[in-house]
Amino acid sequence: MSRASEITLNLEKIRRSIPEHVTLIVVTKTYPISDIEILYEAGVRDFGENRDHEGAIKAPKLPADANWHFQGQIQSNKLKSIVTWADFIHSLDDLDHAKKISKLRKEAISVFIQVSLDGEASRGGILPSEIPNFLEECEKLKGINPIGLMAVAPLNEDPNTAFSRLAEIKAVTSAEFPKIKYLSAGMSNDYQAAIAHGATHIRVGSSILGS
């Protein structure tokens, strides 16, 4: 089987398993531009990268209608580059980073606020109790457009339990901040659970591109 056939077959399996209203972001970190071109030809327009040095090289090689989602942990010294190629940032969890983005961007970039579901600082995210204050501060900044929440299910917890809790956090947040409409959650191993609990954006890589 050719690489194009393999990717296209896997892609169609995922597409058939998700509702039309859910945005499929294909995570292309570590994969070559040739794979991304196959995905683009198959109709994919949303691509996810975790590392600035990869996204900065790949993004300019695709047509302008491709959407690039940065979803890795943010390093302050990489932001100047990230905001030049990313259309969405899924991992904003630091007010200093938000302020820096605000200074770097003339036009607002859409961001998801990363929420910690287990309090493990090394995995990124802010605590649910910190979300209101964080969003209030973001609303004061130009160049930042918070549109949703993002989270990763803890490794030692049933994804259904974790995403159920995330759905409650999202409901409370959206009630106070109506601009928070979207929920980025779910990867290759748990995207179905995430969708069941309201995910509007899923980030799938290995199920489509292989390990």
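Okay, let's start with the empty space inside: the count comes to one cavity of 30 Å³ or more. Keep in mind as we go that this is a predicted model. That cavity holds about 60 Å³ of space. Who lines it? You'll find Gln114, Val115, Ser116, Leu117 and Asp118, then Glu120, Arg123 and Gly124, and finally Val152 and Pro154. Split by class, that lining has four nonpolar, three polar and three charged residues.

And how do we find space like that? Rolling a probe the size of a water molecule over the atoms shows where empty space is left.

Now to the pockets. The largest pocket has about 370 Å³ of space in it. Its lining is made up of 19 residues, and the ones nearest the centre are Val27, Lys29, Asn50, Gln71 and Met187. As for the make-up of that lining, we have ten polar residues, six nonpolar and three charged.

Next, a couple of helices. Helix α2 runs over residues 33–41, and its buried residues include Asp35, Ile36, Ile38, Leu39 and Tyr40. What do those buried residues of α2 pack against? On the helix side, there's α1 (3–16), α3 (52–58) and α9 (206–209). On the strand side, there's β1 (23–27), β2 (46–49) and β3 (67–70). Right after α2 comes Gly43, with a positive phi, near 100 degrees.

Now jump along to helix α6, residues 131–138, where Ile131, Phe134, Leu135 and Cys138 are the buried ones. Look down the axis of α6 and those buried residues sit within an arc of 95 degrees, so they line one face of the helix. The partners they pack against are the strands β4 (88–92), β5 and β6 (144–150), together with the helices α5 (95–104) and α7 (159–176).

Since β5 just came up, let me zoom in on one residue there. Ser110 sits in strand β5, which covers residues 109–114. Is Ser110 buried or exposed? Ser110 has a relative accessible area of 16%, and buried means under 20%, so Ser110 counts as buried. Its side chain makes a polar contact of 3.4 Å with the side chain of Asn145. Leaving out residues up to four places away in sequence, Ser110 touches Asp87, Phe88, Ile89, Asn145 and Ile147.

So, if you're opening this model for the first time, here are some places to look. Try the cavity with Arg123 in its lining, the pocket with Gln71 among the residues nearest its centre, and the Ser110 and Asn145 side chains with their polar contact. That's it from me, thanks!

Technical notes:
Residues are numbered from 1 along each chain as its sequence is written. This is a predicted model: local features need pLDDT of at least 70, side-chain atom pairs count only at pLDDT 80 or more; totals for chains, interfaces and linings use all residues. Side-chain values use heavy atoms; hydrogens and water are left out. On a 1 Å grid over the protein atoms alone, a cavity is a set of points where a 1.4 Å probe fits but cannot get out, and a pocket is an open set with protein on both sides within 12 Å along at least five of seven lines; lining residues have an atom within 4 Å of a point. Grid points are joined across faces, edges and corners, and a volume is the space filled by probe spheres set on the points. Ala, Val, Leu, Ile, Met, Phe, Trp, Tyr, Cys and Pro count as nonpolar, Asp, Glu, Lys and Arg as charged, and the others, Gly among them, as polar. Helices (H or I, at least four residues) and strands (E, at least two) are DSSP runs, numbered from the N terminus. Buried means under 20% relative accessible area, exposed over 50%, partly exposed in between (1.4 Å probe, protein chains only). A polar contact is a pair of N or O atoms within 3.5 Å; within protein, one must be able to donate a hydrogen and the other to accept it, and residues adjacent in sequence count only if both atoms are side-chain atoms. Contact means heavy atoms within 4.5 Å. The arc is that of the directions from the helix axis to the C-beta atoms.
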